[in-house]
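Student: I am new to this structure and would like to learn how to read it. Where should one begin?

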Amino acid sequence: MSQGTANAIIAGASGLVGDELLHQLLGHPHFQTVYSLSRHELPFHSNKLVQIIHPELRVTSWEDSDLTPTIGFICLGTTKKRAGSNKALEAVDLHLVKEVATTMHLLGVKHIVVISSLFASRYSPSHYLRCKGKMERALKKIGFDHCVFVRPGPLKGERVKPRKDELLVQSIFKLLHPIAIGPLAHLNPIPAEDVARAMLELSLLAEDNVLSKVTIISGKALFPDPLEHQTD
């Protein structure tokens with residue numbers, strides 16, 4: 001496992017998974033400094049945490065003396081209902097994620113771990129899943145040493161503003177859980193903290209060069225021991 005320390009940067013730390021991930025990063029001894037790229041100041045502080053605040057998630061200044069983040073995490077995403085239109089959703093889930101990833105690469109990030117979605121594909125009939133698939137394809141071309149995509153199914157956790165669709169899915173699959181086997185098992189709701197833990201563990205494996213250059217982890221494989229289920 002990784003020796004010494006590393007510096008990381010995370011975008012989307014105010015979201016369900018991002019909040020869990022940030023807390024885990026700050027509590028992990030391997031990470032010396034954690035940069036948080038967000039639109040608004042986060043409501044907590046840590047000696048490890050450096051907040052970069054910009055309404056468009058841009059890094060407008062960087063000093064030579066600033067510690068270089070070599071690991072990046074992106075937990076950005078929206079829904080059509082929240083965004084208001086397919087075009088607005090694409091602006092976040094595809095274009096903003098690509099811009100943030102490009103910025104992270106320019107800052108020195110070598111290994112990036114990104115939240116996508118179960119069944120993401122640029123050929124999907126679903127606009128949402130098509131955006132996720134296009135996003136994955138775009139990030140693969142940026143030049144990271146390792147590009148890791150986690151594709152969770154329905155998420156369990158408490159949002160500041162709960163999404164009605166997620167609450168509905170959680171209730172449905174709670175009833176279906178006893179028969180959710182095979183491919184259906186990927187649709188079992190997964191706690192946000194487990195997705196965050198998998199992202200952190202996968203970043204360390206990428207740093208150790210254990211993973212393939214492009215790694216995709218989906219659904220049930222995000223429960224403990226994600227390496228066991230890795231695919232190219």
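Tutor: We shall go from the whole chain to one helix and then to the nonpolar cores. Please keep in mind that this is a predicted model.

Student: What does the secondary structure of the chain come to?

Tutor: The chain has 6 helices and 9 strands. Of its 232 residues, 48% are buried. Among contacts between residues at least 6 apart in sequence, 67% join residues at least 24 apart.

Student: Why does the distance between the end C-alpha atoms of helix α4 agree with its number of residues?

Tutor: A helix is expected to span 1.5 Å times one less than its number of residues. Helix α4, residues 127-140, has 14 residues and should therefore span 20 Å; its end C-alpha atoms are 20 Å apart, which agrees.

Student: What covers the buried residues of α4?

Tutor: Its buried residues include His127, Leu129, Met135 and Leu139. Their cover includes the helix α3 (86-107) and the strands β5 (111-115), β6 (146-151) and β9 (214-218).

Student: How should one read a nonpolar core?

Tutor: In soluble globular proteins, nonpolar side chains tend to be buried together. Here the largest nonpolar core has 38 residues, and Leu21, Leu22, Phe73 and Met199 have the most contacts inside it. Elements that each supply at least two residues of this core include β1 (6-11), α1 (16-27) and α6 (192-207). The largest share, 10 residues, comes from α6.

Student: Which residues does Leu22 touch, not counting those up to four places away in sequence?

Tutor: Leu22 touches Ile10, Ala13, Val34, Leu42, Phe44 and Leu49. Apart from this core lies another, of 25 residues, among them Leu57, Leu96, Val109 and Ile142.

How values were computed:
Residues are numbered from 1 along each chain as its sequence is written. This is a predicted model: local features need pLDDT of at least 70, side-chain atom pairs count only at pLDDT 80 or more; totals for chains, interfaces and linings use all residues. Side-chain values use heavy atoms; hydrogens and water are left out. Helices (H or I, at least four residues) and strands (E, at least two) are DSSP runs, numbered from the N terminus. Buried means under 20% relative accessible area, exposed over 50%, partly exposed in between (1.4 Å probe, protein chains only). Contact means heavy atoms within 4.5 Å. A nonpolar core is a set of buried Ala, Val, Leu, Ile, Met, Phe, Trp, Tyr and Cys residues joined through side-chain atoms within 4.5 Å.
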